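Grab a pencil and work through these exercises with the model open beside you. Try each task before reading its solution.

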Amino acid sequence: MATLSIRDEDRTLTDPKEIGDFLAPFGIWYRRFEGDELPSTATNEEILAAYKAPIDELMAEGGYVTADVINITPEIPGLDAMLAKFDKEHWHDEDEVRFIVKGSGLFHINPGDAGPVFSVEVVAGDMIKVPQGTHHWFHMCQSKTIQAIRLFQSKAGWTPHYTQSKVDARYIPMCFGPEFVPAAN
Ligand SMILES: [Fe+2]
């Protein structure tokens with residue numbers, strides 16, 4: 001279940017309906033899919049087949065034409081350099097749609113004049129759409145593991161455009177899910 005945090009207001013939301021309602025004015029979709037957990041050995045093709053119904057629904061709704069599966073684990077060579085591309089504030093020419101199959105990750109969204117920066121920690125079963133043009137950045141959680149289905153209108157729109165605002169540096173990434181370990185005093 002996702003966790004939404006508005007650090008500047010010291011507010012945290014964990015109810016999926018409340019999270020969806022909070023995100024809607026920003027054009028961000030948030031949904032939960034409850035289903036049987038897939039075996040950890042499931043191939044990308046098996047994952048896409050298992051989630052065909054919700055994927056087809058999202059594709060029709062958002063005009064997406066392709067789907068793939070991304071697998072990030074701590075063993076990937078050059079992982080830190082790869083992640084460093086996404087942990088600075090940026091935006092894309094197309095929607096960023098992620099359906100989390102395994103692991104977790106942390107999106108920060110900066111709505112600018114429309115409200116304070118907030119973060120959404122997504123875990124297995126969460127689907128989020130960050131609309132094109134939305135200023136955001138992304139961190140992995142502690143396990144550095146995430147498996148997610150991605151939907152695209154066109155992969156060409158996926159290049160990040162950096163804002164260079166450095167606003168990302170003001171928010172320490174914190175995941176609150178099952179992996180969360182409070183700092184020792
Ligand atoms: Fe992004």
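**Exercise 1: Strand S7 and its partners**

In this predicted model, Phe-107 sits across from Val-120 of strand S7.

Task: Work out which strands pair with S7, and in what sense.

Solution. Start with the pair above: Phe-107 faces Val-120 in S7. Strand S6, residues 96-110, pairs with S7 in the antiparallel sense, over six bridges. Next, look at Thr-3, which stands opposite Glu-121 in S7. Strand S1 (residues 3-6) also pairs with S7 in the antiparallel sense, here over three bridges.

**Exercise 2: Burial of S7**

Task: Decide how many residues of S7 are buried, and which residues lie on each side.

Solution. First, the cut-off: a residue is buried if 20 or more other C-beta atoms lie within 10 Å of its own. Six of the six residues in S7 (residues 118-123) are buried, so the strand is largely enclosed by the rest of the structure. Now split them by face. In a regular strand, side chains alternate between the two faces of the sheet. One side of S7 carries Phe-118, Val-120 and Val-122, while the other has Ser-119, Glu-121 and Val-123. Both faces are covered.

**Exercise 3: Phe-107 and the core**

Task: List the contacts of Phe-107, then find which element gives the most to the largest nonpolar core.

Solution. Leave out residues up to four places away in sequence, and Phe-107 touches Ser-119, Val-120, Val-122, Ile-128, Val-130, His-136 and Phe-138. Then step back to the core, which has 36 residues. Phe-107 is among those touching the most other members, together with Ala-2, Phe-99, Ile-100, Val-122, Ile-128 and Ile-149. Elements that each supply at least two residues of this core include H1, helix H3 (52-62), S7 and strand S8 (126-130). S6 gives the most, with seven residues. As a rule, nonpolar side chains in soluble globular proteins tend to be buried together.

**Exercise 4: Two positive phi values**

Task: Find where Gln-164 and Lys-166 lie, and say whether they are buried or exposed.

Solution. Begin with the angles. Phi of Gln-164 is near 60 degrees, and that of Lys-166 is about 65 degrees. Both values are positive, and neither residue is a glycine. Most residues other than glycine have a negative phi. For location, Gln-164 is in the segment after strand S11 (161-162), and Lys-166 is also found in the segment after S11. Last, count neighbors: Gln-164 has 8 other C-beta atoms within 10 Å, so it is exposed. Lys-166 has 9 within 10 Å, so Lys-166 is exposed too.

Conventions. Residues are numbered from 1 along each chain as its sequence is written. This is a predicted model: local features need pLDDT of at least 70, side-chain atom pairs count only at pLDDT 80 or more; totals for chains, interfaces and linings use all residues. Helices (H or I, at least four residues) and strands (E, at least two) are DSSP runs, numbered from the N terminus. A residue is buried if 20 or more other C-beta atoms lie within 10 Å of its own, exposed if 12 or fewer, and partly exposed in between; C-beta atoms are placed from the backbone. Two strands pair if DSSP finds at least two bridges between them. A nonpolar core is a set of buried Ala, Val, Leu, Ile, Met, Phe, Trp, Tyr and Cys residues joined through C-beta atoms within 7 Å. Two residues are in contact if their C-beta atoms, placed from the backbone, lie within 7 Å.
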